[in-house]
Amino acid sequence: MAIMPVIKMDNPVLHRKAKKVRKIDSSIQKLIDDMIDTMHDVEGVGLAAPQVGVPLQVIVIQMPDEEEVITLINPEILKNSEESEMMTEGCLSLPGYRGEVKRFTSVTVKARDREGKLIRVRGEGLMAQALQHEVDHINGIVFVDHLDSMDKLEKTKEEDEEEAGSI
Ligand code: NI
C-alpha cells in the first residue's frame with residue numbers, strides 16, 4: 001500500500017487513451033490498492049490510473065460517506081440517460097480550478113471488478129458524474145476538454161478544500 005503522486009494536466013499521459021488490462025494479476029491488485037490509498041489521501045471521489053501516471057484502464061470510485069470502493073477495470077459506458085445537466089466539476093489533476101460541464105444525469109457502465117467478474121454499475125447524480133469523468137480519463141479526455149474556453153474555468157477560493165471532492 002502506497003500513496004502515489006497525482007500527475008497534473010500538462011502530463012501527456014492524461015491526454016492519451018489508456019490500455020486495456022489483459023490479466024488481473026498481483027501487479028494490478030497492488031495498483032488498485034495504491035490508487036485507493038491515494039484517493040483517500042487527497043480526499044477524492046474517484047481516481048483513474050492515468051492520473052497516477054499508469055496508462056491502464058483502471059478506475060476507483062468512492063462516494064462521500066460510503067464505505068464501499070468501486071473498482072472498474074476496462075470500463076465502458078453502455079447507456080446514457082436522455083437528460084443531461086450542467087454540473088460543477090473539478091479534477092485532482094487540476095487543483096484549484098472548477099468548471100461547469102454538461103453530464104448525463106444517469107449512466108450505466110460495464111466493467112470487470114478486481115476479481116475479474118463482469119459487472120454493471122448504474123449511477124445517478126454525483127455517481128453518474130464521477131463515472132463519466134473517470135471513463136473520460138481512461139479515454140484521454142479531461143474535463144477542461146468539455147469547456148468552450150479556458151476562460152470558463154473558475155479558481156476555487158479555499159486552498160484547503162480545493163481538492164476535496166474532486167475526481
Ligand atoms: Ni479527474
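1. A good place to start is helix H1, residues 26-41, which lies across S1, strand S2 (58-61) and S3. Against S2, helix H1 runs at about 40°. Please keep in mind while reading that this is a predicted model.

2. Now for the sheet that H1 lies across. The sheet is open and has 5 strands, in the order S1-S2-S3-S6-S7, with antiparallel pairing. Its edges are strand S1 (46-48) and strand S7 (118-124), each of which pairs on one side only. From one strand to the next, the twist averages 40°. As a general reminder, the strands of a sheet pair through backbone hydrogen bonds, either parallel or antiparallel.

3. One pairing you may want to look at is that of S3 with S6. Strand S3 covers residues 70-80 and strand S6 covers residues 106-112; the two run antiparallel and are joined by 5 bridges. For a landmark, find Lys79, which stands opposite Thr108 in S6.

4. The other helix to inspect is H2, residues 125-138. Helix H2 lies across S1, S2, S3, S6 and S7, and its direction makes an angle of about 125° with S7.

5. Next, the nonpolar cores. The largest has 19 residues, and the members that touch the most others are Ile59, Ile61, Leu72, Val121, Met127 and Leu131. At least two residues of this core come from each of S2, S3, S6, S7 and H2. Helix H2 gives the largest share, with 6 residues. Apart from this core lies another, of 16 residues, including Met39, Val60, Ile73 and Leu92. In soluble globular proteins, nonpolar side chains tend to be buried together.

6. Met127 deserves a closer view, as one of the residues that touch the most other members of the largest core. Which residues does Met127 touch, not counting those up to four places away in sequence? They are Ile61, Met63, Ile70 and Val121. Of these, Ile61 and Val121 are also listed among the members of the largest core that touch the most others.

7. Finally, back to H1, where Ile28 lies. Is Ile28 buried or exposed? With a relative accessible area of 6%, Ile28 falls under the 20% cut-off and is therefore buried. Leaving aside neighbours within four places in sequence, its contacts are Val21, Lys23, Leu56 and Ile73; Ile73 is also a member of the core of 16 residues. There is a long-range pair to check here too: Ile28 and Arg114 are 86 residues apart along the chain, yet their C-alpha atoms are separated by 8.4 Å.

Notes:
Residues numbered from 1 in each chain as written. Predicted model: local features only at pLDDT ≥ 70, side-chain atom pairs only at ≥ 80, totals over all residues. Heavy atoms only, no water. Pairing = 2+ DSSP bridges. Helix = DSSP H or I, 4+ residues; strand = E, 2+ residues; numbered from the N terminus. Axes fitted to C-alpha atoms, helices over the stretch in contact; angles between N-to-C directions. Contact = heavy atoms within 4.5 Å. Core = buried A, V, L, I, M, F, W, Y, C linked by side-chain atoms within 4.5 Å. Buried < 20%, exposed > 50% of the residue type's maximum accessible area, 1.4 Å probe, protein only.
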